Amino acid sequence: MVTIKTEREIQLMREAGQILAKVHKELEGYVKPGLTTLDLDTKCEKLIRSMGAVPSFKGYCGFPASACVSVNDEVVHGIPSADRYIEEGDIVTLDVGVIWKGWQSDAARTHAVGKIDSEVQELIDHTRESFFVGIKAATDGARVNDIGRTIEDYINQFGYGIVEDLVGHGIGREMHEEPEVPNFACRSRGMKLRKNMTIAVEPMINLGTWMVEEQDNGWTFVTCDGAPSAHYENTILITEGEPEVLSLLPEEKKIYNVK
C-alpha cells in the first residue's frame with residue numbers, strides 16, 4: 001500500500017532519518033581492520049538504542065541482527081558473525097534501519113577498510129553518485145521508473161553491473177511499502193510519484209556482472225562472478241521540487257548539495 005504522509009508524520013520520519021544519519025556517521029569512524037562483522041553489528045545496535053530508537057532489521061522476517069554487514073562480493077543482507085574478520089583492502093556495506101515513534105528510516109553506506117584498489121574506490125564513489133543523480137528525477141508527478149532510468153544512464157558509462165534482483169521501496173510505518181523502486185530502466189514507467197510520498201532509493205552496483213545469487217542462509221546475496229559490490233541508500237521525501245533526503249545530516253546535505 002502506498003501512503004501519503006501528513007506533516008506530523010513527515011516530521012517524525014525526519015527525526016528517524018536524523019537518528020539513522022548519526023548512527024552511520026559514528027559507524028564510518030568505527031570501521032577498521034581486525035573487527036568482526038559482529039563487532040560492527042553490536043556497535044550499531046548500541047548506537048541506535050542510545051538514541052531512543054529501535055533497530056528495525058532485528059527480528060524482521062527472522063533476521064538475527066540490527067545491521068546487514070556485507071563484505072566485498074556480498075551485495076546485501078550479510079549476517080554478522082563473530083568468525084568473520086574484516087581486513088585491510090576489504091569493502092564493507094552497512095545497511096541499517098531504525099524505528100522512531102513508529103516511523104522508519106533506511107539507509108546504507110559502503111566503506112573502504114584501509115587502503116583499497118583504486119577501481120574499487122571508484123565503484124563506491126560512482127555508486128554513491130548514482131543515487132544523487134537518480135533522485136533528481138524523483139519529483140511530484142514524475143514516474144518511479146524515471147529514477148531507475150536516470151541511474152542506469154549514469155552507471156552504464158562505467159561498464160558496471162546494476163543488480164536487478166533487488167530494488168528500492170516505499171517506506172513509512174513499515175520498512176517495505178509500495179512502490180518498488182528499481183535502479184534500472186523498466187518497460188513500464190511505473191507509479192506516479194506524489195508529494196509527501198517517502199521512498200528508499202538504493203542503487204546496488206557490481207564491478208562485474210549484474211547477476212547475483214542467494215546464499216544457503218536464505219539472506220545474503222553475492223555477485224555470481226565474485227566481483228565487489230557497492231550499495232548506497234537513503235530515505236527521501238517527494239516534494240513539488242527536488243526531493244528532501246531524510247537520512248543525511250545537515251553538513252552532509254551541504255557537501256552533496258541536496259535538500
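**Strands, helices and their cut-offs**

Student: Which residue of strand 12 is the bridge partner of Val76?

Tutor: Phe221 of strand 12 is the bridge partner of Val76. The model is a predicted one, in which local features need pLDDT of at least 70 and side-chain atom pairs count only at pLDDT 80 or more, whereas totals for chains, interfaces and linings use all residues. Residues are numbered from 1 along each chain as its sequence is written, and side-chain values use heavy atoms, with hydrogens and water left out.

Student: What makes strand 3 and strand 12 a pair?

Tutor: Strands are DSSP runs of E of at least two residues, and helices are runs of H or I of at least four, both numbered from the N terminus. Two strands pair if DSSP finds at least two bridges between them, and two bridges join strand 3 to strand 12 (residues 221–223), so the cut-off is met. The strands of this open sheet stand in the order 3-12-11, with antiparallel pairing. Strand 3 (74–76) and strand 11 (212–214) are its edge strands, each pairing on one side only. From one strand to the next, the twist averages 40°.

Student: Why is Glu244 called buried?

Tutor: A residue is buried under 20% relative accessible area, exposed over 50% and partly exposed in between, with a 1.4 Å probe and protein chains only; Glu244 has 11% relative accessibility and therefore counts as buried. Glu244 lies in strand 15 (residues 244–245). Leaving aside residues up to four places away in sequence, Glu244 touches Arg14, Thr235, Ile236, Leu237, Thr239, Lys253 and Lys259, where contact means heavy atoms within 4.5 Å.

Student: How is strand 15 connected to strand 14?

Tutor: A hairpin through six residues joins the two strands, and two bridges link them in the antiparallel sense, with Glu244 as the bridge partner of Leu237. In a regular strand the side chains alternate between the two faces of the sheet. In strand 14 (residues 234–237), Asn234 and Ile236 point one way and Thr235 and Leu237 the other way, and all are buried. Strand 14 also pairs with strand 9 over four antiparallel bridges, and Ala200 stands opposite Thr235 there.

Student: How do you know that the length of helix 4 agrees with the expected span?

Tutor: The expected span is 1.5 Å times one less than the number of residues; for the 13 residues of helix 4 (residues 144–156) this should be 18 Å, and the end C-alpha atoms are 19 Å apart, which agrees. The buried residues of helix 4 include Ile147, Ile151 and Ile155, and its buried residues pack against helix 3, strand 6, strand 8 (177–181), strand 9 (198–201) and strand 10.

Student: What describes the packing of helix 1 on helix 2?

Tutor: The axes of helix 1 (residues 7–30) and helix 2 (residues 37–50) come within 10 Å and cross at roughly 145°; axes are lines fitted to C-alpha atoms, for helices over the stretch in contact, and angles run from 0 to 180 degrees between N-to-C directions. Val23, Glu26, Leu27 and Tyr30 of helix 1 meet Asp39, Leu40, Lys43, Cys44, Leu47 and Ile48 of helix 2. By class, this contact has seven nonpolar, no polar and three charged residues, where Ala, Val, Leu, Ile, Met, Phe, Trp, Tyr, Cys and Pro count as nonpolar, Asp, Glu, Lys and Arg as charged, and the others, Gly among them, as polar.
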